[in-house]
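User: Please take a close look at a single part of this structure, one strand and the strands that pair with it. I would also welcome a description of the nonpolar cores.

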Amino acid sequence: MCSLVRYPSSSTGALPRAAASACVLAAAAILIPTAPLLAPAAEAAPPALSRVIPGFDADLSNRIDRADNYLKSRPGLTGYIIRDRVSGGVYANEYAEESVWTASTIKLAIAVDLLNRARVGIIGLGPEDRGLLESMLATSNDAAADLLWNKYAGFDRMAFNNAFRANGMVSLVPQPTTTALFPDWSFQKCTTADLDRLMDYVLTRMHPDDRAYLLDRMRAVDFNQHWGVWGAGERMRPGLKNGWSAEQGGWVVNSVGFAGPEERYTLAIMSSLGADGGYTEGADTDTKLAEILLKGR
């Protein structure tokens, strides 16, 4: 897994303003006394609403259309699912069922299972384990995920994978590893729909205390995780787990999380770049997608 985050540089500039002399203006008035004043250019009208999607209001329906159009211009393939937990609306685009490397989004699933097992007394999570879990979420720490996986995967190493299915990730499949240890958290594929179901599981089925703890950790991710669903904007109080890595077939850049009052909206995004780009392009796509869909709602 790659833990290096790069941000594209930006620059700003302004064109110089040219001032017309009084004599030139006077001459123009004499030569063309009835010349009309030029009106300022009108701002472009927002795109017309082409449809109202069942379960979504007109504004969000329009945002979904804009998001779909935006993705047509972006490198690679991006699957996404947005869910309105108040209206019950769920929208999945055409790539939401494609199998993609999970990258570090699976660390959210690991955290969910560990908290569930600790809740019913199957395991005991001590301070060291809690520290590893929080590091795994805050900075996407791979070493922390390795330690937790190897400690709690069970004698057949299937404890986590069995729980993933029960927690909504029914399409997740462990992939062959480059070592003798199978399965491993860093060699897994799932669909955007799996991440959507996992996020919904967190918000609707986890013990309230564990849910509150996890949401707090997802809102407190380090600055280098402030992309993807974070594009919903600070006012929407987003929380997320991102994942990014160079895999067989090219970069994948994924994000899953929530935003809005009482976590009204959930958003799962998986961008598979192939040969068309890397981390920067994928992170930009995921962030802009969240911004189009949710910022200002």
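Analyst: The account below begins with one strand and its partners and then turns to the nonpolar cores. The model is a predicted one, and every statement should be read in that light.

The strand chosen is S8, which spans residues 265-274. Eight of its ten residues are buried, so S8 is largely enclosed by the rest of the structure. Strand S8 pairs with S1, residues 77-84, in the antiparallel sense, and eight bridges link the two. Within this pairing, Gly79 lies opposite Met270 of S8.

Strand S8 also runs antiparallel to S7, residues 250-259, to which it is joined by nine bridges. Here Ala259 is placed opposite Tyr265 of S8. Strands S7 and S8 form a hairpin with five residues between them. In that hairpin, Gly260 adopts a positive phi near 100°.

As to the nonpolar cores, the largest contains 46 residues, and the members that touch the most others are Leu114, Leu133, Phe164, Met199 and Leu214. Helix H3, residues 106-119, supplies the largest share of this core, with eight residues. Apart from neighbours within four places in sequence, Leu114 makes contact with Leu133, and likewise with Ile123, Leu125, Leu148, Tyr152 and Phe160. There is also a second, separate core of 24 residues, with Leu60, Tyr91, Leu289 and Ile292 among them.

Key: Residues numbered from 1 in each chain as written. Predicted model: local features only at pLDDT ≥ 70, side-chain atom pairs only at ≥ 80, totals over all residues. Heavy atoms only, no water. Core = buried A, V, L, I, M, F, W, Y, C linked by side-chain atoms within 4.5 Å. Buried < 20%, exposed > 50% of the residue type's maximum accessible area, 1.4 Å probe, protein only. Helix = DSSP H or I, 4+ residues; strand = E, 2+ residues; numbered from the N terminus. Contact = heavy atoms within 4.5 Å. Pairing = 2+ DSSP bridges.
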